[in-house]
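The exercises below ask for careful reading of a two-chain model, each followed by a solution in steps. Please have the sequence and the coordinates open while you work through them.

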Amino acid sequence: MPFFDTRDFGRLEIDETALVEFPHGLPGFEDHHRFALIAPDECAPLIFLQSTQSTHPCFIALPVDTILPGYDLWLGPGDAETLGGPIDTPSLLCLAMICIQDQGPATANLLGPLVIHRHSRRGVQAIREDLKYSARAPLASPEAPECS
Amino acid sequence: MLVIRRRPGESLYVGAEVRVEVLSVEGSQVKLGIEAPRAVTILRDEVRATQQANLAAARLVPRHRLDAVIGQFRR
């Protein structure tokens, strides 16, 4: 397994199955095409997307359903081809990047979630054209189950 | 906000070098053609919003703030 230097966890050995290719990069980081998905137990349910090309950028993300159950996924023209595999819900991992600042509530980018195909291990940032969701949606706590 | 009415085939300039032409109007969609120097960045609104969000999300997060978010989702 290859080793990578990470921003938050030092040098890590990362399984090939945790590597994802974003053929078009990400807006603002068009030169970064390969990322490692790192999900330490102590940080669950957070998932870190660490560039394998350098320690920066490293993004923190959450499964979209964790933030907004029933999220209406939208793929743009060409996204399915980029993902390179059959588009069905079990094959797709949908993550929202979160932004945690020094002060104020953390926010999640629900406008452009990261969609990763579990089998092809290719990803795309699927940016909605209909502006149905915000790129800076306040991160609300999941509702606690009600006691009967 | 400056508001200008244009028909398909008509155009306008932004500054001296950026020309925007209305190519067609179909239902609620307007197709625009833009001529601009290569150095001018043209982004759809939602792509720019995502770019700004990505840049903000890539900043280093203080550990105590990270722990607070983890705690928020472990309740």
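**Exercise 1.** Does L131(A) count as buried or exposed, and how many C-beta neighbours lie inside 10 Å?

*Solution.* Before the count, some conventions: this is a predicted model, in which local features need pLDDT (the predictor's confidence in each residue, from 0 to 100) of at least 70, side-chain atom pairs count only at pLDDT 80 or more, and totals for chains, interfaces and linings use all residues. Residues are numbered from 1 along each chain as its sequence is written, while chains are lettered from A and ligands numbered from 1 in the order in which they are written.

Step 1. A residue is buried if 20 or more other C-beta atoms, placed from the backbone, lie within 10 Å of its own, exposed if 12 or fewer, and partly exposed in between.
Step 2. L131(A) has 12 C-beta neighbours inside 10 Å, so it counts as exposed.
Step 3. L131(A) sits in the loop between strand 10 and strand 11 (137-138) of chain A, where strands (E, at least two residues) and helices (H or I, at least four) are DSSP runs numbered from the N terminus. Although L131(A) is not a glycine, its phi is positive, at about 55 degrees.

**Exercise 2.** Examine the backbone at R121(A), and then locate the cis peptide bonds that lead into P45(A) and P57(A).

*Solution.* Step 1. R121(A), a residue other than glycine, has a positive phi near 60 degrees, and it is found in the loop between strand 9 and strand 10 (123-125) of chain A. With 18 other C-beta atoms within 10 Å, R121(A) is partly exposed.
Step 2. The peptide bond from A44(A) to P45(A) is cis, with omega near 5 degrees, and P45(A) lies in the loop between strand 4 and strand 5 (47-51) of chain A.
Step 3. The bond from H56(A) to P57(A) is cis as well, with omega near 10 degrees; P57(A) belongs to the loop between strand 5 and strand 6 of chain A.

**Exercise 3.** Describe how the strands of chain B are paired, and set out what the overall dimensions say about the chain.

*Solution.* Step 1. Chain B has 2 helices and 3 strands, which follow the pattern β-β-β-α-α along the sequence. The radius of gyration of chain B (taken over C-alpha atoms) is 21 Å, well over the 11 Å that the globule rule (2.2 Å times the number of residues to the power 0.38) gives for 75 residues, so chain B is more spread out than a compact globule. Its C-alpha trace spans about 55 × 30 × 20 Å along the principal axes, and buried residues make up 12% of the 75 residues.
Step 2. Strand 1 (residues 11-14) and strand 2 (residues 18-26) of chain B pair in the antiparallel sense over 4 bridges, pairing being assigned if DSSP finds at least two bridges between two strands. V14(B) has V18(B) in strand 2 as its bridge partner, and in this hairpin, which has 3 residues between the strands, G15(B) takes a positive phi near 70 degrees.
Step 3. Strand 2 and strand 3 (residues 29-35) of chain B run antiparallel, joined by 7 bridges, with E21(B) opposite G33(B). Their hairpin has 2 residues between the strands, and G27(B) in the turn has a positive phi of about 60 degrees.

**Exercise 4.** Which residues touch the most other members of the largest nonpolar core, and which elements does that core draw upon?

*Solution.* Step 1. A nonpolar core is a set of buried Ala, Val, Leu, Ile, Met, Phe, Trp, Tyr and Cys residues joined through C-beta atoms within 7 Å. The largest one has 42 residues, of which F59(A), A61(A), L62(A), A96(A), M97(A) and I98(A) touch the most other members.
Step 2. Elements giving two or more residues to this core include strand 6 (58-63) and strand 7 (92-99) of chain A, together with helix 1 (45-57) of chain B. Strand 7 of chain A gives the most, with 6 residues.
Step 3. Leaving aside neighbours within four places in sequence, M97(A) is in contact (C-beta atoms, placed from the backbone, within 7 Å) with residues including F59(A), A61(A), A53(B), N54(B) and A57(B).

Conventions: Contact = placed C-beta atoms within 7 Å.
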